[in-house]
Amino acid sequence: MLNPFVRIGSDETVTIIVNHSEMGQGVYTSLPMLVAEELECDWSKVVVEPAPVDPSYNHTQWGVQGTGGSTSVLSEWERLRKVGATVREMLIAAAADTWKVDKESCRARNGRVIHSSGKHLTYGQLADKAATMAEPKDVQLKDPSEFKIIGKPVKRLDTPEKTNGKGVFGIDVNIPGMLVAVVSRPPVFGGKVLSFNADKAKAVPGVKDVVQVPSGVAVVASGFWAAKVGRDALEIVWDHGDNATLSTDGMREQYAELSKTTGIVARKDGDPQQALQKAAKVLTGAYEVPYLAHASMEPLNCVVDLRADSCEIWTGTQAQTLHQIAAAQVAGLDPDKVKIHTTLLGGAFGRRGNPQSDFVVMAVQVAKAIKAPVKVVWTREDDTTGGWYRPMWYDRISGGIDSDGNIVGWRHTIVGQSIMTGTPFEAGMVSSDGIDETSVEGAKDIPYEIPNIVVDLHTTKIGVPVQWWRPVGHSHTAFVVESFMDELAHAAGRDPYEFRRNLLANQPRHRAVLELAAQKAGWGTALPEGHGRGIALHKSFSSFVAQVVEVSVSSSGEPHVHRVVCAIDCGRVINPNTVEAQMQSGIVYGLSAALYGAITLKDGRVQQSNFNNYKVLAMNKTPKVEVYIVSSQEDPTGVGEPATPPIAAAVANAIFALTGKRIRRLPIEAKGLKEA
C-alpha cells in the first residue's frame, strides 16, 4: 500500500481505492483517471476498490465521507492528481535507489520507471521498496497539455461486472446465518403501533420471528418472500397521530395563501415594488411542483451483523460517516467499532444519503432485536408510500417590463419545507434568519440583468419527511424562473432565445451554452407541422446547461418530446463519455418528473405506491438527446445533476409555443392541454 488510495501488486495490478460511491454516475472510472494520469500507470492494469470508512477518505469540502451534490470530480480534482503524482515520485525514488542513480535521470511511463540508459523496472517490481520511501512534500503536477487520459473517452471500469452479473449491489449481499426482515411501518407519517397480533404472520412457512422495533413491526424470515407474506398477514392497530388528516390539497391552499405575503428576504436589489408599480406591463404567475420520490431501481436494503463489540454493515450508501455514527448510537458502540462495506448502488438520487440514516438505523434496530445477522429490505411500495421526498413547492412570481420590452422589476416568493433544518448540515446551510440556501438556490442567483429584484421565502412545517432529490432546490426553481422568463419574453414581443441572450451580456459562460444549444438545435428554423420548440437555461453545481426541446401534443393532450439538444459547460472534461451519459440520464430523470412525477397525500396517506402509478419515462417515450460540450480550461464542475433542472421549463415553453397553453403546474396534465 503506497498510500490510502493506491496499492500496486507484484502482478502489476494497480488498485485505486475510491472514496465516492458508484451509483451509475461513473466515478469508478473518472476518479481513477485522475490518479492514473499523474501516476503514469498502465490503464489496462487499473482496478477499483471501494474505500472503507476512514477520515482519510473524507470529502474534501464536507469533512465527512459521502457522495452527492455533483461534487465527486470537483472535490477530488486536485487531491487525487496529487495522490498519483506522489506515488509516481516514490516509485522513481525507489528505482533510483536501486540503480544508485540520480532521480532526475529517471522517468515514469506506462507502468515502468525508465533510466536514461534505457534500463527499466516495472511498478510491480518497485512497489514494495517504494512503500518504504518518504512521501515527497511537494509534487509537480502535469501541465494539461501533457494529459494522456484526462479528456479522452474512456470505457467505464464498472461496465463488465454490471453486465456479466458479478457486480455486488446491496440487495445481492448474503452472509452466513443471515435472516431477512420486512418491516411494517405506520401508514401515516408520525404514527405509532398501539397493538399487534402476529399469529397469522408466524403461521407463514419460513417466518422465524415477529418483533416490534421503534419504526414498526418487523417480520423476520428465512427469505424475503416469506417475510413479505408474513408482513401482509400481520394485524396491527395504529395510532395515526397528528397527521391523520394531512392532504396535499389542503397544503396547496395553505401555501397559496402564504405566497401572497412576504417571507424572509433572501435577496433584494434596488426597489422592486416601485419598479413593478411603474412598469408598462406586469405579469404575475403562481407555479406549483409536487412532492417527488427518488424511485431508485434497486429497492432500499441493508445487511447488519451486530455483535457484542462490533457491527458490520453492507449497503449501498451515499453517507458512510453519518450512517456509521447513527448505527453506532443504535448499537451502543463507539463509531470506530462500526464497519461499513459500500456496495454498488442501483440508483440513489440522494435517497441513500438520507441525513437521518433511516434505512440503516432500521436495520440495526432489527438486528439488535433478533440478535442475529439480518438483511432488511424495503419493497418499492415501502419507499414510495413511506419514504423521504423532494418538497412540494408553491411559487408566486411577478415581473414588470417597460415600454421597450426590458425587465425592470422581479418579485419571487417561494413556499415550501426546508430539507436542511434538523440535519447535521443545518449550521452551514441555514442562515441565522432561517433561509435554507437550498430552498432559494437557482432563484436567488439568477444570472439575468434585472435592476430591481427581490426573492423571499416562507419555510413551512409539515409532517412529511423531506430531503434532497437530484438537483435539490434547482429542481423546482429552474422550472419557475425559466418558465416565467419565457412568459416575459412573449409579453414583450421578443424571441425567447434573443430575450435571454440580451440579458446575459455580463455572463459569458451562460451565454455561450445558450448560443451553442440554439445553434445546434436550429433555433428559428422551420419545424414539422404540429411541432413546437422551447428553450431554457440554468446553472447548478457550478455547471452551465442550456436545452432546446422539440415537442408535439397528441389529440388526447399527451405531450411527446421528440428531441432534446443539450449544451453544457462543466469546465475541463475528464471523460466525455461520462458527461454525455450524465446529461442523458439527468434529462430522462427530469422528463419523468415533468411528465408524470407526483406524490400526493389524502387522509395522511401517500396515494402512489409503485411504477404503475408513479411512472418513469419508458424507453419508447424517450426522445433523441444530443449533447454538446463547451471546451474549457476551467477546473471541472458537476455533471451528475445539472441536466435535470432546465428540462421541465424547456418542455413547458415548447408546449406554449405550440399550443399557447402556459404550464405552471407539474406534472404536465394532458387534460389541460386537450382543453387548450
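The following paragraphs describe a three-stranded sheet with its helix, a buried glutamate and several backbone features in a predicted model.

Because the model is predicted, local features are given only at pLDDT of at least 70 and side-chain atom pairs only at pLDDT 80 or more, whereas totals for chains, interfaces and linings use all residues. Residues are numbered from 1 along each chain as its sequence is written, and side-chain values use heavy atoms, with hydrogens and water left out.

Helices (H or I, at least four residues) and strands (E, at least two) are taken as DSSP runs numbered from the N terminus, and two strands are said to pair if DSSP finds at least two bridges between them. On this basis, an open sheet of three strands is found in the order 1-2-3, with mixed pairing. Strand 1 (6-8) and strand 3 (46-50) form the edges, and each has a single partner strand, so one side of each is left without a neighbour in the sheet. Direction ignored, neighbouring strands of this sheet are turned by 25° against each other on average. Strand 2 (residues 14-18) pairs with strand 3 in the parallel sense over five bridges, and Ile17 has Glu49 of strand 3 as its bridge partner. Helix 1 (residues 27-39) lies across strand 1, strand 2 and strand 3 and runs at about 125° to strand 2; axes are lines fitted to C-alpha atoms, for helices over the stretch in contact (heavy atoms within 4.5 Å), and angles run from 0 to 180 degrees between N-to-C directions.

Glu641, in the loop between strand 26 (624-629) and helix 18 (645-659), is buried (under 20% relative accessible area, 1.4 Å probe, protein chains only). Glu641 has no salt bridge (a side-chain nitrogen of Lys or Arg within 4 Å of a carboxyl oxygen of Asp or Glu), and the nearest side chain of opposite charge, that of Arg470, is 6.2 Å away. Not counting residues up to four places away in sequence, Glu641 touches Gly69, Ser70, Arg470, Pro471, Val472 and Phe541.

Most residues other than glycine have a negative phi, and most peptide bonds are trans. Phe349, in the loop between strand 16 (338-342) and helix 10 (358-370), has a positive phi of about 60° and is partly exposed (between 20% and 50%) at a relative accessible area of 23%. Lys371, in the loop between helix 10 and strand 17 (374-377), has a positive phi near 55° and counts as exposed (over 50%) at 71% relative accessibility. A cis peptide bond, with omega about 0°, joins Leu666 and Pro667, and Pro667 lies in the loop between helix 18 and helix 19 (670-675).

Definitions and conventions: Lys and Arg count as positive and Asp and Glu as negative; His and the chain ends are not counted.
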